[in-house]
Amino acid sequence: MTAERLANTFAVCAGFSACFQFALAGGAPWGRLTWGGKFPGRLPARMRIVAAFAAVLLLSFAVIVQVRTGVIATPWQPISRKLIWIVVAYGGLGAVANAITPSRWERIVWLPVVIALLVTSLLIATG
């Protein structure tokens, strides 16, 4: 798989996840699909802020991946060599968290997405 295809796969998965987080931040009643299902329905206000932050973070990671692979040519190319490892670490932590969550739905929906984020970012980081 080419670096550009890996970057685009990452961007689609991150974009999907960011849309979900923005929806949670906006009050979508999907709390059972996140945070181990601790907040069924709408998330409390403080967790909605966390969801908005997570969405922005995911979109930032997609930009880092695009820069790292040269899809987006910017002066940030040199720093992307280090930043990509933060993206990989996030994917690794997310994979572990979604694998051990008590929420069955979180494992079904988000574990494959986070594994895709991890694998694509790792391949880009080491490629």
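A residue is called buried here when its relative accessible area is under 20%. The structure is a predicted model, and the report below follows its helices, beginning with α3 and α4.

**Helix α3**

By that cut-off, Ser 80, Ile 84, Val 87, Val 88, Gly 91, Gly 94, Ala 95 and Asn 98 are the buried residues of α3. Several of these positions recur at short intervals, and a general property of helices bears on this. An α-helix has 3.6 residues a turn, so residues three or four places apart point the same way. The buried residues of α3 pack against α1, α2 and α4. The helix is also kinked by about 30 degrees, with the kink centred on Leu 83.

Asn 98 belongs to α3, which covers residues 77–100. Asn 98 counts as buried because its relative accessibility is 9%, where the cut-off is under 20%. Its side chain reaches the backbone oxygen of Gly 94 at 2.8 Å. Beyond residues up to four places away in sequence, Asn 98 touches Glu 106, Arg 107, Trp 110, Leu 111 and Val 114. For one of these, Leu 111, the C-alpha to C-alpha distance from Asn 98 is 5.3 Å, at a separation of 13 residues in sequence.

**Helix α4**

Helix α4 runs over residues 104–126. Its buried residues are Glu 106, Trp 110, Leu 111, Val 113, Val 114, Leu 117, Thr 120, Ser 121, Ile 124 and Ala 125. The cover over these residues includes α1 (3–25), α2 (45–68) and α3. At Trp 110 the helix bends by about 40 degrees, and a proline, Pro 112, follows within four residues.

**Helix lengths**

The expected and modelled spans of three helices are set out below.

| Helix | Residues in helix | Expected span | Distance between end C-alpha atoms |
|---|---|---|---|
| α2 | 24 residues | 34 Å | 35 Å |
| α3 | 24 residues | 34 Å | 35 Å |
| α4 | 23 residues | 33 Å | 32 Å |

The expected spans rest on 1.5 Å a residue, and for α4 the end-to-end distance agrees with the expectation. Agreement is likewise found for α2 and for α3.

**Two buried charged residues**

Which side chain of opposite charge is nearest to Glu 106? Glu 106, in helix α4, is buried without a salt bridge, and the nearest such side chain is that of Arg 107, 7.6 Å away. A salt bridge would require a side-chain nitrogen of Lys or Arg within 4 Å of a carboxyl oxygen, so the distance of 7.6 Å does not qualify. The side chain of Glu 106 does make a polar contact, at 3.0 Å, with the side chain of Thr 101. Leaving out residues up to four places away in sequence, Glu 106 touches Leu 33, Thr 34, Trp 35, Gly 36, Gly 37, Asn 98, Thr 101 and Leu 111.

Arg 48, in helix α2, is also buried and lacks a salt bridge. Its nearest side chain of opposite charge is that of Glu 106, at 17 Å. With residues up to four places away in sequence excluded, the residues touched by Arg 48 are Leu 24, Ala 25, Gly 26, Gly 27, Arg 42 and Leu 43.

**The α1–α2 loop and the end of α2**

Trp 35, one of the residues touched by Glu 106, lies in the loop between α1 and α2. Phi of Trp 35 is near 50 degrees, which is positive although the residue is not glycine. Trp 35 counts as partly exposed, with 45% relative accessibility. Just after α2, Gly 70 has a positive phi of about 85 degrees.

**Two residues of helix α1**

Is Arg 5 buried or exposed? Arg 5, which lies in α1, is exposed because its relative accessible area is 54%, where exposed means over 50%. From Arg 5 to Ala 99 the C-alpha distance is 26 Å, and 94 residues separate the two in sequence.

Ala 23 is likewise found in α1, and it is partly exposed, with a relative accessible area of 23%. Setting aside neighbours within four places in sequence, Ala 23 is in contact with Ala 28 and Trp 30. Ala 23 and Val 87 are 22 Å apart, C-alpha to C-alpha, and 64 residues apart in sequence. Val 87 is among the buried residues of α3.

How values were computed:
Residues are numbered from 1 along each chain as its sequence is written. This is a predicted model: local features need pLDDT of at least 70, side-chain atom pairs count only at pLDDT 80 or more; totals for chains, interfaces and linings use all residues. Side-chain values use heavy atoms; hydrogens and water are left out. Helices (H or I, at least four residues) and strands (E, at least two) are DSSP runs, numbered from the N terminus. Buried means under 20% relative accessible area, exposed over 50%, partly exposed in between (1.4 Å probe, protein chains only). Lys and Arg count as positive and Asp and Glu as negative; His and the chain ends are not counted. A polar contact is a pair of N or O atoms within 3.5 Å; within protein, one must be able to donate a hydrogen and the other to accept it, and residues adjacent in sequence count only if both atoms are side-chain atoms. Contact means heavy atoms within 4.5 Å. The expected span of a helix is 1.5 Å times one less than its number of residues. The bend at a residue is the angle between axes fitted to the seven residues ending there and the seven starting there.
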